[in-house]
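The exercises below go through one structure step by step. Look at the sequence and the model, try each task, and then compare your reasoning with the solution.

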Amino acid sequence: MSEAIRIRGLTYNHPDGSRGLLSVDLDVEEGEILAVVGPNGAGKSTLLMHVNGLLIGSGSVRVLGLEMKRENLPAIRRGVGYVFQDPQDQLFMPTLREDVAFGPRNMGLPEDEVGRRVLEAIRQVGLEGKQDVLCHHMSLGEQRRAAIATVLSMDPRLMVFDEPNSSLDPAARRHLIRLMKGLPLTQLLATHDLEMVLDLAGRAVLMDGGRIITEGEPRRLFADAALMDAHGLEVPHSLLPHR
């Protein structure tokens, strides 16, 4: 199996001089679902933003076989779909159809291919029949799925999710997990929802202070109460002893 992401010695300081990342090494295999967890300020979002070149620090970042260099950014960004924490950051056209078509049109694809991709992406996220709905009239869960559709229409090989279930109600959260489980893509997500990680990811990385503390199978990591407590996290309810 080939590597989708290979990071070595990645270090990044924020513009104010504070540390964002320090000597991060990370490998993500093609087809893997990897979760990045940790307390607020751990560096999770900062790490994710290096995967499609939103940030560029020192060290080596290789994504989909390409070194993270400015000349490679267009090709990397075509292959990496980034879903932001706030769907409003990605939904800016009047209707769902126009939002989902925006990326493929900017790629210069013929209109019949744009239309095919739009319908398929909307179908994948379960929003059939809402093509002409104004996105700001949708529920937050629907907006989250709409944002994912705008990325899927670009036909990425790798998807990055930053707190994908933030502020979702339980039904919308379950729908999102089912959707992500069904995507035949490499996925990298940062989340505070450890139960979601248990449902979804085969491997988890624990970050704190801009560094990777440890990694492994989520159930094993999250059951370690001392480890969780040391990094401001709690053992998920499903792993607590039943009394």
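## Exercise 1: a six-stranded sheet

Leu34 stands opposite Leu188 in S8. The model is predicted, so local features need pLDDT of at least 70 and side-chain atom pairs count only at pLDDT 80 or more, while totals for chains, interfaces and linings use all residues. Residues are numbered from 1 along each chain as its sequence is written, and side-chain values use heavy atoms, with hydrogens and water left out.

Task: find the strand order of the open sheet formed by 6 strands, and its edge strands.

Solution. Begin with strand S3 (residues 33–37), which runs parallel to S8 and is joined to it by 4 bridges; strands here are DSSP runs of E with at least two residues, helices are runs of H or I with at least four, and both are numbered from the N terminus. Two strands pair if DSSP finds at least two bridges between them. The full order is S6-S7-S8-S3-S9-S10, with mixed pairing. The edges are S6 and strand S10 (211–216), each of which pairs on one side only.

## Exercise 2: strand S7

Task: describe the partners of S7 and say whether its residues are buried or exposed.

Solution. On one side, S7 pairs with strand S6 (residues 80–83) in the parallel sense over 4 bridges, and Phe161 of S7 is the bridge partner of Val83. On the other side, 5 bridges join S7 to strand S8 (residues 186–190), again running parallel, and there Phe161 stands opposite Leu189. From S7 the chain crosses through helix H6 (residues 170–181) to S8 in a right-handed β-α-β crossover, meaning that, with the strands pointing away from the viewer, the path from the first strand over the helix to the second runs clockwise.

As for burial, 5 of the 5 residues of S7 (158–162) are buried, that is, under 20% relative accessible area with a 1.4 Å probe and protein chains only. Leu158, Val160 and Asp162 point one way, whereas Met159 and Phe161 point the other way.

## Exercise 3: a second sheet

Task: which strands stand at the edges of the open sheet of 4 strands?

Solution. The order is S2-S1-S4-S5, with antiparallel pairing. Strand S2 (19–29) and strand S5 (66–67) each have a single partner strand, so one side of each is left without a neighbour in the sheet. Further in, strand S1 (residues 3–13) and strand S4 (residues 58–63) run antiparallel and are joined by 5 bridges, with Arg8 opposite Ser60 in S4.

How values were computed: Buried means under 20% relative accessible area, exposed over 50%, partly exposed in between (1.4 Å probe, protein chains only).
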